[in-house]
Amino acid sequence: MNKMNMSTVLFLLAVLLSASCVRKSYEVVVPDSDLAGKNEITFLLDGKKGQFNVQATLDAKAEGDATVRFYVITSKGVAFRSGDMHKGDTGAAVSVDLKGVTELCLYAEPVKGDKAIQKVAWKDARFVVQTEPVLQTPAAEEPYILTPAPAAVPRINGAKIVGASALKPFMFNIATTGERPLRFEATGLPEGLTLDAGKGLITGVATKEGRYIVPVTAKNSKGECRDTLEIVIGGELALTPHMGWNSWYCHQTRVTQNIMEKSAQAMYDKGLINFGYTFVNIDDGWEVKVNSDDPMLGGQVRNPDGTIRTNKNFPDMRKMTDYIHSLGLKAGLYSSPGWATCAEYAGSLDHEVQDVKSYCDWGFDFLKYDWCSYGREVKHPVSQEDLKRPYILIDSILRQADRDIILNLCQYGMGEVWKWGKEVGGHSWRTAGDIGWSTSELINSMFTAGFFQETIRQYTGPGGWNDPDYLLFGKIWNWEEERDVLSPMSPSEQYTCMTLWCMMSAPLIFSGELVSLDEFTQNILCNAEVIDINQDKLGKSGYSIYKQDFTEIWKKELHDGSTAIAIFNKSPFKSLVSIDWRSLGYDAKNTVRDLWRQQDLGVTTKTSQFEIPRHGCVLLKVR
């Protein structure tokens, strides 16, 4: 055997050492089950050479329709975008070069369809890498308060137009912030109406139809505020979107009369009434429960004369509504045109006239009428005439009632209800399923329900409003785990939700717990300038004027000739968004105000930049 010389030995050692320092790439397979039904999944990577492959598709076996946009985003930018993908479409094969990539996010944006994210199916995900990817969960976002505290000087807030019927009880609270005590003045009120100068509450029975322009003034030791209220007497109700509270998402069927009275008091004490929140609404659970042996809930559902009975948790409905009215608030309740409600409490089938009389005798001002068991009363497939029938009936009875009652159609958008909801007497109509049907899906449901509204904006306006469901902030009930939880929406997502609801002129019905309302939630709900966008007299919905990947800009015309501009960052990452004002139709003569911060930003120069958090927004008013 020939002996190797020293130089050969050193060369071979160098080769061996070099080879030992080079890591081999290997394949990492991500199980389909880890990615199914999720809209945002982020992996941390080492930035070295590698490859990622995945199939973006929708689960063909999942029930219902859906439209979703798929993205793969890396630290270097958007690596893949699918466009609109519908259930049944062929999936898209994605391949991404990982060289220089330190972060990779699989992102699915729900566009349309209840529970659309449940249908998302990233499949056959495979990394070829030198270092195993690390699954990254988004960092929790701490609450941040943008809205300044109300000034001590009076400010008149909320609706500046209200509709009512002649010869029926009228009540309107002049929602006003400012140091108490306040004194109010109003001139030119319709005959039959009077103002309580200490409370700012207009009550009575208007005797003549007409349109009345009423100058109002609120004064205190710090100053005064003048504004104009338009009172329209003629039977058209809901001239601005409803504002208030509903018991469902925080109390569900655990609701009681005591809870309702305490919630009304909290709406008053915490000042929501001063921003225009008006309705205090019981949802399901006040009636007798059908076939229940629970001593508090069960028993005969109706009296011998056919009138509906309450369960023992509601011993005196009239006493409760009197209490709510004494605070300057209005009372609402819930029923179904079927034999039972969704939770199987007594419905109104075949007793509609009697039930409306009971609602009036008790003093209610709002009715949420939920489809529920009525579906068993019609043949399938359900026709549009079937969908209309129970609402036409209840509307005809409500019109003959001796008090005005707002009618909310709760039938989850079936039969494109937005096209005929007002025709059958609705003052608002749900456009989709419950956004809070599952706490874990709330964020995705909010995005789907909210941004979808732009496609049906022509069907909303004074007297009849598209309703994407309630504002789920603060403490709500997690029925999956049977416990109270804080809203899973991040602070930025809650700002986005409130902004969206205001831009599309949706009812602002809060359904978190009122008594324990925290400072951050109160900040989201109680920004007078943001609410002004929702309650604008023109009653138009906003609409999208710019879309590029995760940035979307909405515009909304307002009655004073100004416009609201909302900039949404739908990205899973913080973004710096540049706005070219000229391309949006504005010149340097326009002034800009940040409504959430209540700060003037100056005039519209050529461009403006806004750093927007993940899933956050900016809301501006341009004059």
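Leaving aside its neighbours within four places in sequence, which residues is Asn 173 in contact with? Let's start there, and keep in mind that what we have on the screen is a predicted model. The residues in contact with Asn 173 are Lys 199, Gly 200, Leu 201, Ile 273 and Gly 328. If you want to find Asn 173 yourself, look in strand β12, which covers residues 169-173. Asn 173 has a relative accessibility of 18%, and the cut-off for buried is under 20%, so Asn 173 counts as buried. One of those contacts deserves a second look: the Asn 173 side chain reaches the backbone oxygen of Ile 273 at 3.5 Å.

Now let's move to another strand. Ala 164 belongs to β11, residues 161-164. With a relative accessible area of 4%, Ala 164 is buried. Here is something that the sequence alone will not show you. Ala 164 and Gly 235 are separated by 71 residues in sequence, yet their C-alpha atoms are 5.2 Å apart in space. Gly 235 is one of several contacts that Ala 164 makes beyond its neighbours within four places in sequence. Among the others are Phe 170, Val 232, Ile 233 and Asp 404.

Next, a charged residue. Is Asp 283 buried or exposed? Asp 283 is buried, at 2% relative accessibility. You will find Asp 283 in the loop between β20 (279-281) and α5 (317-326). What does the side chain of Asp 283 do there? The Asp 283 side chain has a polar contact of 3.0 Å with the side chain of Asn 246. Another polar contact, at 2.6 Å, links the side chains of Asp 283 and Lys 368. If we set aside neighbours within four places in sequence, the residues touching Asp 283 also include Ser 247, Trp 248, Tyr 334 and Tyr 470.

Let's talk about cysteines. How many disulfides does the structure hold? There is 1. The partners are Cys 342 and Cys 372, and their sulfur atoms sit 1.9 Å apart. What do they connect? Cys 342 is in the loop between β21 (330-335) and α6 (352-362), while Cys 372 is in the loop between β22 (366-370) and α7 (384-399), so this disulfide ties together parts that are 30 residues apart in sequence. The torsion about the S-S bond is about -80°, and therefore the disulfide is left-handed. The two partners have their own surroundings: Cys 342 is partly exposed, at 46% relative accessibility, whereas Cys 372 is buried, at 17%.

What about cysteines outside this pair? Cys 410 takes part in no disulfide, and its nearest cysteine sulfur, which belongs to Cys 342, is 6.8 Å away. Cys 410 is buried, with 1% relative accessibility. Then there is Cys 526. Why is there no bond from Cys 526 to Cys 502? The closest cysteine sulfur to that of Cys 526 is in Cys 502, and because the two are 12 Å apart, they are too far for a bond. Cys 526 is buried as well, at 8% relative accessibility.

Last topic: helices. When two helices pack, we describe them by the angle between their axes and the distance between the axes.

Take α8 (residues 442-452) and α9 (residues 491-503) to begin with. Their axes come within 10 Å and cross at roughly 25°. That angle makes α8 roughly parallel to α9, and the crossing of these helices is left-handed. On the α8 side, the residues that meet α9 include Ile 443, Met 446 and Phe 447, and their partners on α9 include Leu 500 and Trp 501.

Now compare that with α6 and α7, whose axes are 10 Å apart and pack at an angle of about 45°. These helices are therefore oblique to each other, and α6 passes α7 in a right-handed crossing. Here Glu 352, Val 353 and Val 356 of α6 meet Leu 393, Ile 394, Ile 397 and Leu 398 of α7.

Our final pair is α4 (residues 257-269) and α5. The axes of α4 and α5 come within 10 Å and cross at roughly 5°, so they are roughly parallel to each other. Among the residues making this contact are Met 260 and Ala 264 of α4, together with Met 320 and Tyr 323 of α5.

That's my tour. Thanks for listening, and do ask questions!

How values were computed: Residues numbered from 1 in each chain as written. Predicted model: local features only at pLDDT ≥ 70, side-chain atom pairs only at ≥ 80, totals over all residues. Heavy atoms only, no water. Disulfide = S-S within 2.5 Å. Helix = DSSP H or I, 4+ residues; strand = E, 2+ residues; numbered from the N terminus. Buried < 20%, exposed > 50% of the residue type's maximum accessible area, 1.4 Å probe, protein only. Polar contact = N/O pair within 3.5 Å; in protein donor to acceptor, adjacent residues only side chain to side chain. Contact = heavy atoms within 4.5 Å. Axes fitted to C-alpha atoms, helices over the stretch in contact; angles between N-to-C directions. Parallel < 35°, antiparallel > 145°, perpendicular 65-115°, else oblique. Left-handed = near helix turned anticlockwise from the far one by under 90°.
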